[in-house]
Amino acid sequence: PLSFSTMEEASAMASTPGAPSWTLNPSEFNLESFDADEYVSRTKVAVPLDVLKGSLDTYLADIRTQLVELINEDYPDLVSLTSKLSDLDATVLRIRSPLVDMRNKVTAARASIASNLTALNAGLQARSTVALQKAKLGLLQDTAHALSKVDKLTAQLEEGSFEGEDDDAKASSELELRSRLLERIAGEVSRLKLYVSRANNHPFIVAQQSRITKAEARLGGALGGAMRSALAQGSTAAEFHLLHAYAASGDPSGAERIIREVVLAPIVSDVLDATDKNRQDLKPVFDGVLAKLSESSKSSAIARLLETVQADKSGLEALDLVSRAVLPEVDDSIARSRPGALSPGAPAAFLRNYKAARAFLEALASMQRKHSPEAEAALRSSPAWRSFVGRWSLTVYFTMRQ
């Protein structure tokens with residue numbers, strides 16, 4: 001870069017032939033990054049400030065001259081613009097009138113639409129209310145009809161009148177006919193419970209609650225008596241209808257409890273009585289119970305019931321005799337009659353009985369697995385499984401073996 005110690009030296013340098021020439025470049029002024037201070041600082045190195053000022057004054061004069069020429073070039077049009085716009089008010093008035101009319105029409109149409117929409121919403125709300133009331137009335141009518149039908153069928157059951165049953169009614173035993181009728185009553189009670197749950201404590205339902213409760217209690221008592229009779233007589237057909245009645249009524253535990261009491265308790269008791277109590281050996285007990293479960297359905301009531309419940313598409317999925325009848329009865333009976341067999345005080349006998357118990361559990365799980373994976377999972381997560389496994393104090397056993 002060039003530098004000069006004095007203004008006179010710069011002026012002399014600028015006037016000296018062969019010295020660097022400099023020309024003002026106005027295009028730099030249009031750049032977005034243009035900075036006046038930076039431009040002056042950079043330029044004064046090449047030319048004196050008075051030369052730069054003179055060039056900028058000349059450029060400013062040129063710009064002003066161009067501006068005057070541009071104004072003078074379009075001045076006649078600017079002067080005539082006022083006369084051309086003299087009738088603008090009339091034009092605006094002509095345009096305003098139809099616009100005002102259109103605005104009034106739009107406002108009126110909007111008001112009409114809003115009114116119609118309000119009326120339509122009110123109509124839809126009224127229609128919805130009527131539909132809701134109609135559905136509720138239909139539900140109450142269905143409830144009253146189901147309750148009346150339950151009362152009628154229950155009275156028919158108590159009178160021992162079985163007219164209207166299946167075509168082979170004459171060839172069926174009275175117990176089977178009662179079982180079929182109880183299955184019908186259980187179906188109606190199930191419908192009745194559904195209607196009551198949907199009614200949301202309607203005053204009519206509340207008023208009929210005692211009647212509904214009484215009908216459920218009468219059904220439960222009749223089912224219990226018929227189930228005990230069917231199990232005692234070994235009536236497969238009656239058992240089938242009664243098991244479905246329990247499932248339909250939503251009380252599978254009632255059937256499981258009676259089967260455990262009437263069928264399983266005697267079986268487990270006989271097996272325990274047939275083994276040597278003094279030996280405290282549980283393997284024969286477990287083997288005896290498994291033998292009864294795997295016997296032919298013709299000779300074993302529990303085998304027959306398991307076959308009925310676990311049959312494909314039996315409709316008895318709600319019942320679980322293994323998890324809620326077989327295992328609980330075995331667990332309680334052994335704990336009650338053979339508590340010494342569960343004691344780790346005799347480590348060798350305890351270990352032998354524990355292994356037999358685990359084999360027994362796995363055998364039950366295998367039976368359930370053949371039925372369905374869900375049945376096996378239900379057995380392994382059942383309270384009876386946890387109770388049975390919890391009776392074996394393995395921590396104490398291992399402590400005593402140390």
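**Salt bridges and surface of an all-helix model**

Arg-391 is partly exposed, with a relative accessible area of 30%. Here buried means under 20% relative accessible area, exposed means over 50%, and partly exposed lies in between, with a 1.4 Å probe and protein chains only. The structure is a predicted model, in which local features need pLDDT of at least 70 and side-chain atom pairs count only at pLDDT 80 or more, while totals for chains, interfaces and linings use all residues. Residues are numbered from 1 along each chain as its sequence is written, and side-chain values use heavy atoms, with hydrogens and water left out.

The overall architecture comes next. The protein has 15 helices and 0 strands; these are DSSP runs numbered from the N terminus, helices being H or I over at least four residues and strands E over at least two. Of the 402 residues, 32% count as buried. The protein exposes about 24,500 Å², of which carbon and sulfur atoms supply 56%; accessible areas come from the Shrake-Rupley method with a 1.4 Å probe, and for residues only the protein chains shown count as cover. Among contacts between residues at least 6 apart in sequence, 70% join residues at least 24 apart, where contact means heavy atoms within 4.5 Å.

We now return to Arg-391 and its partner. Side chains of opposite charge can pair when their charged atoms come close. A salt bridge is counted when a side-chain nitrogen of Lys or Arg lies within 4 Å of a carboxyl oxygen of Asp or Glu, and by this rule the count comes to 20 salt bridges. In one of them, Arg-391 pairs with Asp-331, with the closest N and O atoms 2.5 Å apart. Because Arg-391 lies in the loop between α14 (383-390) and α15 (394-401) and Asp-331 lies in helix α11, the pair ties together parts that are 60 residues apart in sequence. Asp-331 is buried, with a relative accessible area of 3%, whereas Arg-391 is partly exposed.

Helix α11 also carries Asp-332, which forms a salt bridge with Arg-260 at 2.6 Å between the closest N and O atoms. This pair links distant parts of the chain, for Arg-260 belongs to helix α8 and the two residues are 72 residues apart. Asp-332 is partly exposed at 30% relative accessible area, and Arg-260 is partly exposed at 21%. The two salt bridges described so far belong to a wider arrangement: Arg-260, Glu-329, Asp-331, Asp-332 and Arg-391 are linked in a network of salt bridges.

What do the side chains of Arg-324 and Glu-256 form? They meet in a salt bridge, with 2.7 Å from N to O. This pair, too, links distant parts of the chain: Arg-324 is in helix α11 (residues 321-337) and Glu-256 is in helix α8 (residues 252-274), 68 residues apart. Arg-324 is partly exposed, with a relative accessible area of 39%, while Glu-256 is buried at 3%.

The surface of the model also has patches, which are made of residues with over 30% relative accessible area and no salt bridge, like charges being joined within 9 Å and nonpolar side chains (Val, Leu, Ile, Met, Phe, Trp, Tyr) within 5 Å. Glu-69, Glu-73, Asp-74 and Asp-77 gather in a patch of negative charge on the surface. For such a patch, Lys and Arg count as positive and Asp and Glu as negative, with His and the chain ends not counted, and the place of a charge is NZ of Lys, CZ of Arg, CG of Asp or CD of Glu. Glu-73 is located in helix α3 (residues 49-84) and counts as exposed at 58% relative accessibility. A nonpolar surface patch of about 590 Å² is made by Leu-67, Ile-71, Tyr-75, Leu-78, Val-79 and Leu-81. Val-79 is in helix α3 and is partly exposed at 47% relative accessibility.

Three further residues complete the tour. Thr-43 lies in helix α2 (residues 36-43) and counts as buried at 5% relative accessibility. Leaving aside neighbours within four places in sequence, Thr-43 is in contact with Trp-22 and Leu-52. Lys-313, in the loop between α10 (301-309) and α11, has a positive phi of about 55 degrees although it is not a glycine. At 84% relative accessibility, Lys-313 counts as exposed. Ser-382, in the loop between α13 (373-380) and α14, counts as buried at 6% relative accessibility. The C-alpha atoms of Ser-382 and Leu-327 are separated by 9.7 Å, and the two residues are 55 residues apart along the chain.
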